Amino acid sequence: MASLVTLVVAGGASLFMAWAIGAGSSGSTPFAPAVGANAISVMRAGFIVGILGLAGAVLQGANVSEAVGEDLILGVSLSPVAAVVALTVAAILVATGVFAGYPIATAFTVTGAVVGVGLGLGGAPAWAKYQQIGTLWVATPFVGGGIAYGTARLLRSESVAEELAVPALAGVVGVILANVEFTFFGPAGEQASLVADVVATTGADPLVVRAAVSAAAAALAAGALWLDVRADREAGQRHFLLVLGGLVAFSAGGSQVGLAIGPLLPLVDPFDIPLVAVLVGGGFGLLLGSWTGAPRMIKALSQDYSSLGPRRSIAALIPSFAIAQTAVFFGIPVSFNEIIVSAIVGSGYAAGNSAVSGEKMGKTVLAWVGSLVLALGVSFGVFVAVDAVL
């Protein structure tokens, strides 16, 4: 009975964390560029991103969930008390950022909290995993912002025909989609891509299949958007922008749900609860957060960080989608606030420094770093104190 009670308490903390993430990073960031470009309203964006986030959580959430729950600390497994402390501390910090109007880096916060309680349990640091995570975190602003800047400059260039450039970018997105892993392509309990599924079905050479399927996906995506842009250039841009926002929202669900339910996984194993059921619960929490708390952060990102038009918004979302799927593939917890804000700033600089709020960016970076350090220290201290009392 005691184990069941602690599981319920930890589940409540996990749901609170999922709500905070949905209201913050996964609920606000995917459609912020589209809202800033006036392609969709704030309330409608919050509604759609909630549904897509739930779908992404169920279809892509396993990798990051398992990494957060099992790979961040060595030698120990998270106890019920440790899971409750980590999730509660992280959720309070993220929720504080939501209501203060500054996007706290959720992955930084949850990672710090889990490592903090893990060290409090006597576990050893997982330096190899930290190196992998740190590499992606440090590279994201440069890679995402750089690609967004280059793409925005390309689309602004008078020497490049926009009617060809935008469909070509859609082709790039098509290639990524052909290689993205989903649960419905893989065997039970695993994920696989369309390319891998075709290889398994046909038995053909993997390199040949990858090239052929990727090329077909690129041609299909580029051709469809070319027809759309040719009929109405501005409408075609808006349609592409909304598709990109949807893909990023889906990716956010697949990545961010792991931050909410990862610490819960060691607790549900003795009860033989299927992972998909836990993913659905986490995805539902993301949906609630997106519907009830995301509009405030969508407004902050879309209007306060940079004044984006459709072209710069497209430039921001393409690298965001690619980085998000890279993180999902390798099971790395990553902050969507960091991904999107870096891309927004990169695309904004293509129009000149005046398009970017330097003061707001400085405060945001400090919030990111502070959230990691604060979450680690507070969760360690709270767990040690609670454990001593219990």
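Helix α8 passes helix α17 in a right-handed crossing. This is a predicted model, and in it α8 covers residues 127-156 while α17 covers residues 336-349. Their axes come within 7 Å and cross at roughly 35°. On the α8 side, the contact is made by Trp-137, Thr-140, Pro-141, Gly-144, Gly-145, Ala-148, Tyr-149 and Ala-152. Facing them from α17 are Glu-338, Ile-339, Ser-342, Ala-343, Gly-346, Ser-347 and Tyr-349. Sort those residues by class and you get eight nonpolar, six polar and one charged.

Trp-137 also turns up in the surroundings of Thr-111, which is in contact with Leu-72, Trp-137 and Pro-333, leaving aside neighbours within four places in sequence. Thr-111 sits in helix α7 (residues 106-120). Is Thr-111 buried or exposed? Its relative accessibility is 6%, so Thr-111 counts as buried, the cut-off being under 20%.

Next come two helix pairs that share α11. Helix α10 (residues 194-202) packs against helix α11 (residues 206-231), and α11 in turn crosses α12. Here are the three pairs side by side:

| Helix pair | Crossing angle | Axes |
|---|---|---|
| α8 and α17 | roughly 35° | within 7 Å |
| α10 and α11 | about 130° | 9 Å apart |
| α11 and α12 | roughly 140° | within 5 Å |

With that angle of about 130°, α10 and α11 are oblique to each other. The crossing of α10 past α11 is right-handed. From α10, Leu-194, Val-195, Val-198, Val-199 and Thr-202 take part, and from α11 the partners are Pro-206, Val-209, Arg-210, Val-213 and Ser-214. That contact breaks down into seven nonpolar residues, two polar ones and one charged.

The α11 and α12 pair is oblique as well, and α11 passes α12 in a right-handed crossing. Leu-225, Asp-228, Val-229 and Ala-231 are what α11 brings to the meeting, while α12 offers Arg-233, Ala-235, Gly-236, His-239 and Phe-240. By class, there are five nonpolar, two polar and two charged residues in this contact.

Staying with α12 (residues 233-261), Gln-237 belongs to this helix. Which residues does Gln-237 touch, not counting those up to four places away in sequence? The list is Glu-162, Pro-310, Arg-311 and Ile-314. Polar or not, Gln-237 counts as buried because its relative accessibility is 6%.

Now for the cores. Nonpolar side chains tend to be buried together in soluble globular proteins. In this model the largest nonpolar core has 58 residues, and the members touching the most others are Met-17, Val-68, Val-110, Val-114, Val-117 and Leu-264. Helix α6 (residues 80-100) supplies the largest share of this core, ten residues. Val-110 is a handy place to look: not counting residues up to four places away in sequence, it touches Met-17, Val-68, Ala-90 and Leu-259. Another core lies apart from the largest one and has 38 residues, including Phe-31, Val-166, Ala-294 and Leu-317.

One last stop is Gly-22, in helix α1 (residues 2-23). Gly-22 has 0% relative accessibility and therefore counts as buried. How far apart are Gly-22 and Leu-227, in sequence and in space? They are separated by 205 residues along the chain and by 35 Å from C-alpha to C-alpha.

Terms used. Residues numbered from 1 in each chain as written. Predicted model: local features only at pLDDT ≥ 70, side-chain atom pairs only at ≥ 80, totals over all residues. Heavy atoms only, no water. Axes fitted to C-alpha atoms, helices over the stretch in contact; angles between N-to-C directions. Helix = DSSP H or I, 4+ residues; strand = E, 2+ residues; numbered from the N terminus. Parallel < 35°, antiparallel > 145°, perpendicular 65-115°, else oblique. Left-handed = near helix turned anticlockwise from the far one by under 90°. Contact = heavy atoms within 4.5 Å. Buried < 20%, exposed > 50% of the residue type's maximum accessible area, 1.4 Å probe, protein only. Core = buried A, V, L, I, M, F, W, Y, C linked by side-chain atoms within 4.5 Å.
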